[in-house]
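User: I should like to go through the terms used for this structure and see what each rests on. Please set each value against its definition.

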Amino acid sequence: VQGRDISVRQPDPLRQFVFGTRVVGGAFLPVTMAGANNEFWYFIVLWCEGFGNGIEEITDIRFGDEVAVTGTTPIAKYTGFITVEHHLGADDQTASSLLTTDVPAAWTSNDRLRGIAYTVCKLKYDPDKFSSFSIENIRAQIKGAKLYDPRSGAVGATASANPALQTRAFLASTRFGAGVPATEIDDAEFSASANVCDELVNVKAGGTRVRYATHATFLSDRAPGVVLEEWRRSVAGTLTYSEWKYALRAGTWRPPHLSLGDSDIVGGLAVTANLGRAALANGVRGEFTETTHWQPTNYPAIQPSAYLTSDGNIALWKSVDYAFVTHAEQAQQLALIELRRLRQQKRMVLDVKMKGYELVPGDTFLFTHTRFAGRESWTDKTFFVERVVLASRGEGKHPAPFVRLEVREETPEIYAFNTADVQTFGALPSPT
């Protein structure tokens, strides 16, 4: 799920959205030429949606990877040759004073471009300064949406990189998201997930980072489900709709709050003890977004030696990409959670009494199983709920309701992460 990597010329461009901080291209809008010899070129680059109250900041303008303008100040070699004016996309923003002053015949006070964050550029022609210049290479570093935080009940003053808040904003928005009513958003769960995302973990080189952060960009033609799945994967979590409310649960150990046993089973109990080699993996690799050139690149693959050894030293890879993640260690953390979940191979489908309807996807519960003598038994084994289905048995006017649960093993160790787990960049793993 990506936005524009380069700037484009389009008569009716797609709207771009930026959450957190990203370097993006925009949509080019020519204005006019001016000056005694037409030496001044005026144009606009439309960057992204302004989200009503405007984005936080347009930090710099880049020609390719070169930072040509910091804020509104050009670097030394472009002094006197580049003038820029930023507009942050608020719904009440006024027209460009640079254009209405310099070229009033081409741009008036009514040309406000409300709701769009953009930059006005004025370039003075110089064949030496701009010998390799091209519109397609203009990019900007954007600090994007300022988001509502249910923990404070207010919109933040800065661009938030918290994926729980980003997901909530996308769900709630009628102008760029899914348009879910506020009454159908579980703010208690979103607040809890936002707190999980903000927890600090150590960085191998020293210092700390937040557990989960996302810096997202995408275009308005992206299906909501695709965008929401990217955020869900970026927090190793679950996005559910239960009891008429949407909830995001970020990946973390959640203590069980319900106990079930053989006496609660009303029908079948299907157990898968081993996934089989076709579904199993002992390593995870894929892409994240690096912040030197702001392009997708491979994060260091995760393949614990113990898993490889237990599979007879046969490499079994799973590919997982994290387009909204810009920190290599976070990508590795997410990949390790994915792998550890997969290595907990025990899966069950069980039909239980209505007591099981207290559970929703993302919950955990304890299960004690002693029904079949001579077979594996469990005492208070923890399972994670992946799916809940309300069903019924029997025919006629009084069918008997029951709950079908699809679950997998769960342990606290799945979410443990420390700097010893961090791999360094090196040769790409074998495609075996």
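User: Which element gives the largest share of the lining of the second largest pocket?

Analyst: The model is predicted, so local features need pLDDT of at least 70 and side-chain atom pairs count only at pLDDT 80 or more, while totals for chains, interfaces and linings use all residues. Residues are numbered from 1 along each chain as its sequence is written, and side-chain values use heavy atoms, with hydrogens and water left out. The largest share, 5 residues, comes from α6. Helices (H or I, at least four residues) and strands (E, at least two) are DSSP runs, numbered from the N terminus. At least two lining residues each come from α4 (224-234), α6 (328-343) and β27 (378-393).

User: What makes a residue part of the lining of the second largest pocket, and which residues lie nearest its centre?

Analyst: A pocket is an open set of points on a 1 Å grid over the protein atoms alone, where a 1.4 Å probe fits, with protein on both sides within 12 Å along at least five of seven lines; a lining residue has an atom within 4 Å of a point. By that rule 16 residues line the second largest pocket, and Arg 232, Glu 338, Arg 341, Glu 386 and Arg 408 lie nearest its centre. The lining divides into 6 nonpolar, 2 polar and 8 charged residues; Asp, Glu, Lys and Arg count as charged, Ala, Val, Leu, Ile, Met, Phe, Trp, Tyr, Cys and Pro as nonpolar, and the others, Gly among them, as polar.

User: Why is there no disulfide between Cys 48 and Cys 121?

Analyst: A disulfide is a pair of cysteine sulfur atoms within 2.5 Å. The sulfur of Cys 48 is 15 Å from that of Cys 121, its closest cysteine sulfur, which is too far for a bond. The count by this rule is therefore 0 disulfides.

User: Why is Cys 48 called buried, and what of Cys 121?

Analyst: Buried means under 20% relative accessible area, exposed over 50%, and partly exposed in between (1.4 Å probe, protein chains only). Cys 48 has a value of 1% and is therefore buried. Cys 121, at 4%, is likewise buried.

User: How do you know that β26 and β27 pair?

Analyst: Two strands pair if DSSP finds at least two bridges between them. Strand β26 (residues 364-369) and β27 have 5 bridges, in the antiparallel sense, so the criterion is met. Phe 365 has Phe 383 in β27 as its bridge partner. Both strands belong to an open, mixed sheet of 6 strands in the order β19-β26-β27-β28-β25-β20.
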